[in-house]
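User: Hi! Could you walk me through this one with me?

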Amino acid sequence: MKVLNLKPTKGVSRENFIFRGIMELSIWDLGGQQLYMDSYFSEKKRELIFSEVMTAVFMVDSAAEEPKLKEIFDNFMKYIFEYSPGVEIVYVLLNKIDLQESKEDDIYELLIKGLTDDLKSKVAFTPVSVKEGSAQHRLIEILDYKIQQNTLALQKLGKIRHMLDQMKLGTLSEYFLFNQPDGLLIASTLGKFEHKPLQFMKFEIGTLDSNIYQIFTKIMNLSDSAISPLELSTVIYESDNNYILVREVSNGSVLMIVTKSKSEETFNTVISSLDGEDFKNLKKFLNKIDY
Ligand SMILES: Nc1nc2c(ncn2[C@@H]2O[C@H](COP(=O)(O)OP(=O)(O)OP(=O)(O)O)[C@@H](O)[C@H]2O)c(=O)[nH]1
Ligand SMILES: [Mg+2]
């Protein structure tokens with residue numbers, strides 16, 4: 001989303017973040033300018049750069065002429081497998097295919113040329129476009145595959161899923177838990193996120209810029225009533241046939257509930273589910289989840 005007018009990355013930019021609410025990632029984005037390349041591959045630096053890698057992604061600008069591309073790629077492959085023998089696949093993203101001048105086929109031919117059969121089996125090429133969103137989708141797919149291989153992450157998912165199922169009981173509604181940092185679905189009562197239609201579902205929270213608390217305080221003052229802080233918010237939307245409730249669970253996650261009817265009973269059971277033991281357990285679990 002922030003890709004338009006990106007500045008070139010200076011050296012290595014590091015960022016930590018929780019993917020889908022269950023897997024902590026430490027991301028190293030290596031700037032691609034030549035002076036940095038020389039440094040990554042230098043004898044002094046390469047161990048630091050290429051060791052302890054869990055997932056390796058090599059991103060190419062398919063619309064640019066880069067005379068040293070092949071050499072850079074070969075070095076990348078060499079040091080990744082030398083210093084991070086646990087890496088199974090290097091994911092090569094051939095980016096900017098939305099541009100007319102993109103030459104992803106030529107770049108594929110160039111990069112695959114001369115690789116041993118062993119290396120060929122350890123590299124996966126995908127033409128993508130950050131602008132059109134397919135690059136983001138591919139990265140999510142790659143990381144979802146990592147979740148599938150991670151027993152601990154799967155256990156957490158199973159527990160969360162169970163808690164949502166418990167909350168859902170008797171409410172005639174579906175429950176969806178989203179991760180705020182990336183907006184992606186963590187779990188739902190409809191199925192796991194790997195189901196294609198759910199995989200890339202994103203929840204983007206706008207800032208609810210309002211003076212509700214001020215008004216609330218005034219009203220309570222006027223009626224001489226006690227004021228308690230507005231902490232976690234439940235926002236309720238309605239359509240002709242459904243209520244949609246959105247509730248913050250922890251500072252990293254948001255629960256969305258879609259009712260299947262608009263009966264008073266359905267509404268009341270859903271509200272009670274947000275007030276019950278199961279919701280408390282979910283909150284507790286998400287607040288002290290340890291990555
Ligand atoms: N048309 C198009 N433009 C893109 C795409 N991805 C990035 N850009 C543009 O290209 C500019 C440079 O971004 P990138 O080439 O992705 O930058 P980078 O690879 O991080 O470069 P370094 O940080 O120097 O390694 C950005 O300002 C974007 O506007 C894409 O898929 N399509
Ligand atoms: Mg960059």
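User: What kinds of residues make up the shell around ligand 1: how many nonpolar, polar and charged?

Analyst: The shell around ligand 1 splits into 7 nonpolar, 7 polar and 4 charged residues. Keep in mind that this is a predicted model.

User: And which residues are closest to ligand 1?

Analyst: Pro8, Thr9, Gly32, Val130 and Lys131 are the closest, out of 18 residues that surround ligand 1.

User: Thanks! Let's move on to the inside. How many residues does the largest nonpolar core have?

Analyst: That core has 25 residues. The ones with the most contacts inside it are Ile160, Leu164, Tyr175, Leu177, Phe178, Ile186 and Ala187.

User: Which elements supply at least two residues each?

Analyst: Two helices and four strands do: helix 7 (151-168) and helix 11 (277-287), plus strand 6 (173-179), strand 7 (185-188), strand 9 (243-250) and strand 10 (253-259). Helix 7 gives the largest share, with 5 residues.

User: Nice. What is Phe178 in contact with, leaving aside neighbours within four places in sequence?

Analyst: Phe178 is in contact with Gly183, Leu184, Leu185, Ile186, Phe203, Ser253, Val254 and Met256. There is also a second, separate core of 15 residues, and Val90, Ile97, Leu111 and Ala135 are among its members.

User: Switching to sheets: what's the strand order in the open one with 3 strands?

Analyst: The order is 3-4-5, with parallel pairing. Strand 3 (56-61) and strand 5 (123-127) are the edges, each pairing on one side only. From one strand to the next, the twist averages 20 degrees.

User: How many bridges join strand 4 to strand 5?

Analyst: There are 5 bridges between strand 4 (residues 90-95) and strand 5. In one of these strands, strand 5, Thr126 is the bridge partner of Leu93.

User: Which helix packs on that sheet?

Analyst: Helix 4 (residues 104-112) does, touching strand 3, strand 4 and strand 5. The direction of helix 4 makes about 150 degrees with that of strand 4.

User: Last topic, backbone oddities. What is the phi of Lys96, and where is its place?

Analyst: Lys96 has a positive phi of about 75 degrees, though it is not a glycine. Lys96 sits in the loop between strand 4 and helix 4. Most residues other than glycine have a negative phi.

User: Is Lys96 buried or exposed?

Analyst: Lys96 counts as buried because it has 23 C-beta neighbours inside 10 Å, and the cut-off for buried is 20 or more.

User: And what about Asp224, buried or exposed?

Analyst: Asp224 is exposed, with 6 other C-beta atoms within 10 Å. Asp224 also has a positive phi, near 55 degrees, and is found in the loop between helix 9 (212-222) and strand 8 (234-238).

Conventions
Residues are numbered from 1 along each chain as its sequence is written. Chains are lettered from A and ligands numbered from 1 in the order in which they are written. This is a predicted model: local features need pLDDT of at least 70, side-chain atom pairs count only at pLDDT 80 or more; totals for chains, interfaces and linings use all residues. A residue is near a molecule or strand if its C-beta atom, placed from the backbone, lies within 6 Å of it. Ala, Val, Leu, Ile, Met, Phe, Trp, Tyr, Cys and Pro count as nonpolar, Asp, Glu, Lys and Arg as charged, and the others, Gly among them, as polar. A nonpolar core is a set of buried Ala, Val, Leu, Ile, Met, Phe, Trp, Tyr and Cys residues joined through C-beta atoms within 7 Å. A residue is buried if 20 or more other C-beta atoms lie within 10 Å of its own, exposed if 12 or fewer, and partly exposed in between; C-beta atoms are placed from the backbone. Two residues are in contact if their C-beta atoms, placed from the backbone, lie within 7 Å. Two strands pair if DSSP finds at least two bridges between them. Axes are lines fitted to C-alpha atoms, for helices over the stretch in contact, and angles run from 0 to 180 degrees between N-to-C directions.
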